[in-house]
Structure formats: structure tokens, C-alpha cells
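Student: Can we go through this one together? I'd like to see the structure before I start asking things.

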Amino acid sequence: MDELSAIKCRYDYINRFLNEKARRLFLASEAKTIGWGGIEKVSRATGVSSDTISKGCKELEDEPEIIESGKIRKPGGGRKKLVDTDATLLSDLDNLIEPTTRGDPESPLRWTCKSTRKLARELKNMGHNISHMRVADILHSQGYSLQSNQKVIEGDNNPDRNGQFILINNKTKLFIKYGQPVISVDTKKKELVGNFRNGGREYHLKGNPLKVLVHDFKIKGLGKVNPYGIYDISRNEGWVNVGTDHDTSAFAVESIRQWWNTMGKMAYPDASKLLITADSGGSNGYRVRLWKVELQKLADESGLEITVSHFPPGTSKWNKIEHRLFSFITQNWRGKPLISHEAIVNLIAATTTQKGLHVECRLDEKVYPKGIKISDNELKEINLTSDKFHGEWNYTIKPDKKIEFN
């Protein structure tokens, strides 16, 4: 067997076990063993370019630290990711999927109703050079995943459901454009106060877990709490009012009032309008008369025109507060018993995210009686204007003075 055939035989055998760098260094060592003209001979025998073999020879001589580090390329080498070279790609993709993003708020996984091919076409129309495969890669890196069809349907499939999502999205953009506050509101699930088991795990010394009560019975004097949250969509800020009494419409609006007086008024000193996105049921449901009466009181006190848009029945997890505030509160206190009201307030207020979420929290020990009836006459006194599209879901409650966008 001649010299070139021997080189080719060794290379063909070992090539399958080598990465890019190791292959380059192996060929360089073969060339150095031959001596003068070795680079050209090895190149003819293996089909690898002489430039690559020359680079390997230089690495063997001049850069032993690269060899020892195990890195294939120098720092910064290789093709840059699209998200690094295209500054607006991520934000444009997020805007495309924003109206149709879905998911369990207690899970980091999300999914979207739009296909990757459709998203790629829309991104290309916006000037981005991207394939549907790269869209899929980016969605995966952002926490999106493929989900089974059974998880797409939530509650009643109202034929105008998607239309309502689009309307809410467009209203949100309009209010933010004019510098007006947009908040997402809801009540987090009730929590028992005391040394009870709380879902999730955290690190402790091996064999030394926290000891909690066996039975989840309400403790007299502590009971349960109702955390009512307000999430400021444009500022990524949250306000949580931890109530100790009933979760009524009066409690819900009082929580919004506290947010406005504590955070909203300072953040939006020139605000004339407020957009609230809420679920269709519960204390802030579209059928609840007391909710609208209390909002009228808030509108009169603050001078704000309060616009409310409810998510259709069965779609509460689409509300921004669920996966931008409540899910992170749950993660923050996982594995920690909620032993007191003070502990709950502190844990909620300590909630942060990598995107800069800021949360404030207070304890509300006021009494909110249940069963308050609102008569037809009281309902008629509300200065309420319903939208043409599903007026039961979309309406505006105005104070005495009418204010319009310029």
C-alpha cells in the first residue's frame, strides 16, 4: 500500500469518530509526519482542502490553549443566530402571535393557534428572511410547544370568540398608543393560611424536608385569603390586594381603586381613560350588576372613562394576568407553607422575573358582605354605553364629563 492510500485508509476509519476540530488536527499531524509537501499529499489523499489542513497545522503550533479547552471554534466563531442579526424579529413574531397565544398559566409551556408556515409568510411580508423551520426553532426557544388538539378547546366554543380576542388586542394597542392605562384583572385561587402543604419543591438538606400539617382544615383566625390582582400590561407591573373576607364585586373594584391611587395615578398622570380586561365570570363578571355599580363609583371618583372588555366564557387563561403575574407568584412561593398573612404579602411582593416584573401587595381586612342586590332603577342610573360588537362583553362607564381621544 502506497503512502497516500495508507493516509486515506486511516482517515476513512477514524473520521466517523471525530468532530470538526479533531478531524482538522488529525490531518495536520499526518501532514507534519510526512514533512515537506505533506499538506498537499494529505489533501489529495483525503479530499480535504489544503487550507483546512494548513489551519490545523497552525493550531498545533501556535494555539495549544484552544486544543486543551476542547472548543471547536474560537469564541464568537460560527454563524450568528437570526435573533442576533435581526433586531426586530422577536418583537415582530411576538406581536403576530399575541392575540392568539394560549396556555396553562401554571406551566411555562405556551402554544399558538397559528401555524409556523403562516407565521413565516407574515414575517416575510414584514421584511424578515426566515423559513418556517427557523420560526419553529424560535418558538421552541421562547417556551412554545406543540400541544394536542384536545387542549385547544376551552369551554363553550362561541362563534365570536376569536373576534373578541382580536377586538381586545386592538383596543389594547390603541389605549397604549395614546398613553392610557390597560390593566388585566382577576382573583387568584383562594389560599389556606397556615402551616399547610404548598405544591412544588425547593432545596433543603437531604432528609430534612419542611414539616407541615397532615390535614388541610381552616384555622380559626387565619382562614383563607383572596388575592385579587391588577396587572399593568404596558409597564409590566402588578398590584395584588390580599382580601380576608368575601370575593365580591365591591372587593374587586376596591382592589382596582387601590391600584389606581397607589400606582396608576403616578404612572399615568395625564390619563383620561382606563381599559380593563377581565374574565366573564366571578366577582368581575359581565352579568354582575354590583360590578358595574362599583365601577361607576370609581369612574366618578377618578374622572376616568372606564372601558371593560370581557374574555368569552371558558377562556379565562387567555387573560394576561394569568401567565404574566399569577404564574410567577405561584413559582415564587412553591414549596413554602403560607403560614401567615404577612408571609403571603411578602412572598407576593418579592415576585420578580427576568423581564423586570415589579409587584406591590397589601393586606385588605375590610368586610365585604355577600348578597347585595342591585335594582333595575339603580342599574339604569349607570352611565354605561355598550359597544356594537357584543355589548354585554364590551362597554364603557363614563363619569359626568365626557372625554375623547385627540
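Student: Which residue caps the N-terminal end of α2?

Tutor: First, this is a predicted model, where local features need pLDDT of at least 70, side-chain atom pairs count only at pLDDT 80 or more, and totals for chains, interfaces and linings use all residues. Residues are numbered from 1 along each chain as its sequence is written, and side-chain values use heavy atoms, leaving out hydrogens and water. Now look for a side-chain oxygen 3.2 Å from the backbone nitrogen of K21. The residue that owns that oxygen, and so caps the helix by a polar contact (N or O atoms within 3.5 Å, one able to donate a hydrogen and the other to accept it; residues adjacent in sequence count only if both atoms are side-chain atoms), is N19.

Student: How far apart are the end C-alpha atoms of α2?

Tutor: Helices here are DSSP runs of H or I with at least four residues, numbered from the N terminus. α2 has 15 residues, 20-34, so at 1.5 Å a residue it should span 21 Å; the rule is 1.5 Å times one less than the number of residues. The model agrees, with the ends 22 Å apart.

Student: Which residue follows α2?

Tutor: Check the backbone angles: its phi is positive, near 95°. That residue is G35.

Student: At what angle do α8 and α9 cross?

Tutor: The axes, lines fitted to C-alpha atoms over the stretch in contact, give angles from 0 to 180 degrees between N-to-C directions. For α8 (residues 116-125) and α9 (residues 132-141), the axes come within 8 Å. The helices are roughly perpendicular, a label for 65 to 115 degrees, because they cross at roughly 105°.

Methods: Helices (H or I, at least four residues) and strands (E, at least two) are DSSP runs, numbered from the N terminus. Angles under 35 degrees count as roughly parallel, over 145 as roughly antiparallel, 65 to 115 as roughly perpendicular and the rest as oblique.
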